[in-house]
Amino acid sequence: MRYTIADIREMKARKEKILMITAYDYATARLVEEAGMHMILVGDSLGMVVLGYESTIPVTMEEMIHHTRAVTRATKKCLVVGDMPFMTYTISIEDALRNAARFIQQGGCQSVKLEGGETVAETVRRIVNCGIPVCGHIGLTPQSVNQMGGYKIQGKTPEAAARLLNDAVCLEQAGAFAVVLECVPSELAALISRRIAIPTIGIGAGLDCDGQVQVVSDVLGFYELAPKHAKKYADLAGVIRKAVADYAAEVRAGTFPTAKQSYSMDARLLEGL
Ligand code: KIV
């Protein structure tokens, strides 16, 4: 059985930390589920850490659905959240509903995430009314990087902090089941977490959020342009470089493959050839 949005909400009530990480493919999704994650975000960070785009802006619905399907095929327990790409939920409500439905029907995930607060609250309400759980995302919203003038900490002035609190309340009132707080001062994230009843999931938002989310490539040390708020728990880039260099050296030296990696047949069977 997968975790449900009710399970996630109850975890906040029980003060049990909610564990979330991104994944974009079958093999990684299996491993992060085995490691005990409650939620997997198929984030549009995919565009940067897997597809090599400069930002998340070029990511398409087709790319997101393709990767979401791989993650949902790999998992049985995690609640999978599909990240709606840039401009797929803002042109019209009809467009937003159609695209949210594609994530659920074609991607197989159980919920969607979209960026923004008060300005997308009506869209969130309409998607939720169709039976699709929505996770909000406020603070640093990477799809608005051009509007924000870079990847900056948000909510640092009293006015900006009040706007973020209002955004969180609007998302809660619109029926979002959780809200990601990205790059928000810890004190403000703590206040928002106390003020709203739905769980806050922090990334660069301090310890007092109800849960944490990280980009899996940052945690594994696989993508080396990680932000300050990421902690590298492994050096996968180093492991991969060394393993592939060792393989190359053995191929050059003629020591790979050995009999163990080869198939043989009785030499007499080749005699007539
Ligand atoms: O796309 C993503 O990975 C995200 C997280 C940073 C929350 O939105």
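In the predicted model, strand β2, which spans residues 39–42, is covered on both of its faces. Met39 and Leu41 lie on one side and Ile40 and Val42 on the other, and all four of these residues are buried. In a regular strand, side chains point alternately to one face of the sheet and to the other.

Strand β2 pairs with strand β1 (residues 18–22) in the parallel sense, and three bridges join the two strands. Isoleucine 21 has isoleucine 40 in β2 as its bridge partner. Between β1 and β2 the chain passes through helix α2 (residues 26–34), and the resulting β-α-β crossover is right-handed.

Strand β2 also pairs with strand β3, formed by residues 79–83. This pairing is parallel and runs over four bridges. Here methionine 39 is placed opposite leucine 79 of β3. Methionine 39 is thus named twice, as a buried residue of β2 and as the residue facing leucine 79.

A contact between two helices was also examined. Helix α4 comprises residues 61–74 and helix α5 residues 93–107. Their axes come within 9 Å and cross at roughly 35°, and the crossing of α4 past α5 is right-handed. On the α4 side, the contact is made by Met61, Glu62, Met64, Ile65, Thr68, Arg69 and Thr72. These meet Asn99, Arg102, Phe103, Gln106 and Gly107 of α5. By type, the residues of this contact comprise four nonpolar, five polar and three charged.

Notes: Residues are numbered from 1 along each chain as its sequence is written. This is a predicted model: local features need pLDDT of at least 70, side-chain atom pairs count only at pLDDT 80 or more; totals for chains, interfaces and linings use all residues. Side-chain values use heavy atoms; hydrogens and water are left out. Buried means under 20% relative accessible area, exposed over 50%, partly exposed in between (1.4 Å probe, protein chains only). Two strands pair if DSSP finds at least two bridges between them. A crossover is right-handed if, with the strands pointing away from the viewer, the path from the first strand over the helix to the second runs clockwise. Axes are lines fitted to C-alpha atoms, for helices over the stretch in contact, and angles run from 0 to 180 degrees between N-to-C directions. A crossing is left-handed if the near helix is turned anticlockwise from the far one by less than a right angle, and right-handed if clockwise. Contact means heavy atoms within 4.5 Å. Ala, Val, Leu, Ile, Met, Phe, Trp, Tyr, Cys and Pro count as nonpolar, Asp, Glu, Lys and Arg as charged, and the others, Gly among them, as polar.
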